[in-house]
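Dear colleague,

Please find below the structure that I am handing over to you. My notes on its pockets and on some of its residues follow.

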Amino acid sequence: MSFDPVAQQGAKILILGSWPSPKSWEEGFYYGHPRNRFWKLMAELLEQPIPQTIQQKKGLLVENSIALWDTLRSCEIDGASDASIRNAVPNDVAALIQKYGIKAVFCNGNAAMKFYKKFHYPHTNIQAIALPSTSPANASYSLQRLKEQWQVIKEYL
């Protein structure tokens, strides 16, 4: 089963990943791989210190009206390879969006976007915006280049 969503009343946007990496499972929270740039990127975009603890990470999101979840509730996967995902079972993203009144959806990487389109868009009718993955596997994107692309989330906050 996937991690619980980080969501609260007043959330304006939802950022969706695909499925946690083995390192994230080990850490017990989203984007736990030390080379994943998600938390550093969020801190820079929101002009906040880089969160270190799970509570600080949740706080950064909640304080900035951001919800976070994964598109999948369960799947079979080889390591951290999104390309190897099979037997995917979706989370109930539509219910989360409805419960919190979320107005915009962003997908962290191509796999998240693929699963959003397949499983969630038919139920939400919200066009998601695909953003380049913060994963270390997406090494062609520098942190600065990621920041330029991810800047769009600020228009919805």
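Which residues lie nearest the centre of the second largest pocket? They are Tyr31, Pro34, Trp39, Pro51 and Lys57, and the lining of this pocket has 15 residues. Please note that the model is predicted.

The second largest pocket holds about 280 Å³ of space. Two elements give two or more residues to its lining, namely helix H2 (38-46) and helix H3 (54-63). By residue class, the lining of the second largest pocket consists of seven nonpolar, four polar and four charged residues.

The largest pocket encloses about 570 Å³ of space. Its lining has 29 residues, and the closest to its centre are Asn36, Ala80, Asp82, Ser133 and Ser135. Helix H5 (110-124) and strand S6 (129-131) are the elements that give two or more residues to this lining. The lining of the largest pocket divides into 15 polar, twelve nonpolar and two charged residues.

I turn next to the loop between S6 and H6, where Thr134 lies. With a relative accessible area of 0%, Thr134 is buried, the cut-off for that term being under 20%. Apart from neighbours within four places in sequence, Thr134 is in contact with Tyr31, Arg35, Asn36, Arg37, Phe38, Leu41, Asn108, Leu146 and Trp150. One of these contacts, Tyr31, is among the residues nearest the centre of the second largest pocket, while another, Asn36, is among the residues closest to the centre of the largest pocket.

Leu146 and Trp150 lead on to helix H6 (residues 143-150), in which Leu143, Leu146 and Trp150 are buried. Viewed down the axis of H6, the buried residues fall within an arc of 60°, and therefore they line one face of the helix. This agrees with the general geometry: an α-helix has 3.6 residues a turn, so residues three or four places apart point the same way. The cover over the buried residues of H6 includes strand S1 (13-17), H2, strand S5 (104-108) and S6.

A further residue to look at is Thr124, which is placed in helix H5. Is Thr124 buried or exposed? Thr124 is buried, because its relative accessible area is 14% and the term applies under 20%. Residues up to four places away in sequence not being counted, Thr124 touches Ala94, Ile97 and Tyr116.

With kind regards

Conventions:
Residues numbered from 1 in each chain as written. Predicted model: local features only at pLDDT ≥ 70, side-chain atom pairs only at ≥ 80, totals over all residues. Heavy atoms only, no water. 1 Å grid on protein atoms, 1.4 Å probe; cavity = no way out; pocket = protein on both sides within 12 Å on 5 of 7 lines; lining within 4 Å. Points joined across faces, edges and corners; volume = space filled by probe spheres on them. Helix = DSSP H or I, 4+ residues; strand = E, 2+ residues; numbered from the N terminus. Nonpolar A, V, L, I, M, F, W, Y, C, P; charged D, E, K, R; others polar. Buried < 20%, exposed > 50% of the residue type's maximum accessible area, 1.4 Å probe, protein only. Contact = heavy atoms within 4.5 Å. Arc of directions from axis to C-beta.
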